[in-house]
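Please open the structure in your viewer and keep the selection panel at hand. The stops below are meant to be taken in order.

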Amino acid sequence: QYGGLLDQGGNSGVEVGNVLMDNATGAILGFVGGRSYENNQNNHAFDTARSPGSSIKPIIAYGIAIDQGLMGSSSILSNYPTNFTGGTPILHDGDKGTAMMNLQEALNTSWNIPAFWTYQMLQRHDVDVEGYMTKMGYKIANYNIESLPLGGGIETTVAQQVNAYQMLSNGGVYEKGHMIDSITDRTGEVIYQHKSEGVRVFSRATASIMDNLLKEVVVKGATTQFYSELKNVNGAAASADWMGKTGTTDNFADAWLIVSTPGITLGGWAGYDDNAPTNSKTGYTYNAQYMARLTSAIYNANPSIFKTGDKFNIDSSAIKASVLKSTGLKPATVSVNGRNVSVSGEMVDTYWAKNGPGDTTYKFAIGGTDSDYQKAWSSILGGH
């Protein structure tokens, strides 16, 4: 009934797929297969496999890096302009990059270069990325594609993406999505009963750190108007603790939004079956408006599933530390251009799933070239 919102800005007949999942059990509570079964019989919730764009970054890049103890919540990543090995610049909406930034900012704006460098780091450390992804049912042919953490070389369904965020919202335990809980015969005997086979993918600490980073992504709304729309249409639903992530592919052919509360995860994809481009506002505005109204309708039908009284809190097993805001690591003496500099400045809290932050080193960030660090240090040290 709200699908018409997707046809703004010159779009016509944009298709949609949605899945609503219970975080604790993986039970699929509802789905939208498309705009109109009469016009299009494709089930866009379960059968349409498309590139997930940036919605894969917290799963395949940042989440795994945190789980491996290679990154914390205040880690610094390079967003200096860089290229793929073939020489093609890594762009973000046509932008070539900026400078060093923290993980929160990398997620909020969904910059591509920090995710690229994070995945390079995982490969350099021989991290078993395939092991993580296979636990959640992803089938990826080649894990060496450089654009993999940006959604390149991955095709996935709404149900699959929702299941990955169910894992994040369920303390790192993946419960495979299912439609049927039990079947009874005519005498009342149960002949089939769904059995939970929860698989731990991330540690509790990792999941909780990721959830808290993704809260700001939704609430600040740099990549989606979903939260401000939801506040407008249903303040009670907006009062839940929300986290989530967007994803967009080239020419806005795919618009993804996956959002969770402690109780449920709701995912959405919008686009055309033939991969035709959509209006540039399809994800940021139109799909956000559509999903806010869908969320409101779900809330009005059954508010209890949202668990509005619960919060995404940092798990007690996470390691809390104080680090330099500029480097994401502890204050230390660093050799910069041949002289020893005692690096100090504003301190911030950080959370790590394991290991904890080390001392600041010359190459303190994830990624970046020698010339990037020259620029970064001159910015950190200013006139010193």
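Begin by selecting the loop between strand E9 (243-248) and strand E10 (254-260), which is where Asn251 is found; bear in mind throughout that this is a predicted model. Once Asn251 is highlighted, check its backbone torsions, since phi there is near 60 degrees, a positive value in a residue other than glycine. Is Asn251 buried or exposed? With a relative accessibility of 54%, Asn251 counts as exposed, because the cut-off for that class is over 50%.

Next, select the loop that runs between strand E3 (76-78) and strand E4 (100-102), and within it pick out Asp93. Here too the torsion deserves a look, as Asp93 is not a glycine and yet has a positive phi of about 50 degrees. A surface display is useful at this stop, for Asp93 has a relative accessible area of 66% and is exposed.

Now move to the loop between strand E15 (347-352) and helix H10 (370-381), and select Thr360. How does its accessibility class read? Thr360 has 4% relative accessibility and so counts as buried, the limit for that class being under 20%. Show the side chain of Thr360 as sticks and look for two polar partners. The side chain of Thr327 makes a polar contact with that of Thr360 at 2.8 Å, while a polar atom of the Thr360 side chain lies 2.7 Å from the backbone oxygen of Lys330. To see the wider surroundings, leave aside the neighbours of Thr360 within four places in sequence and display the residues in contact with Thr360, namely Leu324, Thr327, Leu329, Lys330, Pro331, Ala332, Val334 and Trp377.

For the last stop, select helix H7 (residues 226-233) together with helix H9 (residues 282-301), whose axes come within 8 Å of each other and cross at roughly 45 degrees. What orientation do H7 and H9 have to each other? The two helices H7 and H9 are therefore oblique, and their crossing is right-handed. To view the contact itself, show Phe226, Glu229, Leu230 and Val233 on the H7 side, and Ala288, Gln289, Met291, Ala292, Arg293, Thr295 and Ser296 on the H9 side. If you colour these residues by class, the contact of H7 with H9 resolves into six nonpolar, three polar and two charged residues.

Conventions:
Residues numbered from 1 in each chain as written. Predicted model: local features only at pLDDT ≥ 70, side-chain atom pairs only at ≥ 80, totals over all residues. Heavy atoms only, no water. Axes fitted to C-alpha atoms, helices over the stretch in contact; angles between N-to-C directions. Helix = DSSP H or I, 4+ residues; strand = E, 2+ residues; numbered from the N terminus. Parallel < 35°, antiparallel > 145°, perpendicular 65-115°, else oblique. Left-handed = near helix turned anticlockwise from the far one by under 90°. Contact = heavy atoms within 4.5 Å. Nonpolar A, V, L, I, M, F, W, Y, C, P; charged D, E, K, R; others polar. Buried < 20%, exposed > 50% of the residue type's maximum accessible area, 1.4 Å probe, protein only. Polar contact = N/O pair within 3.5 Å; in protein donor to acceptor, adjacent residues only side chain to side chain.
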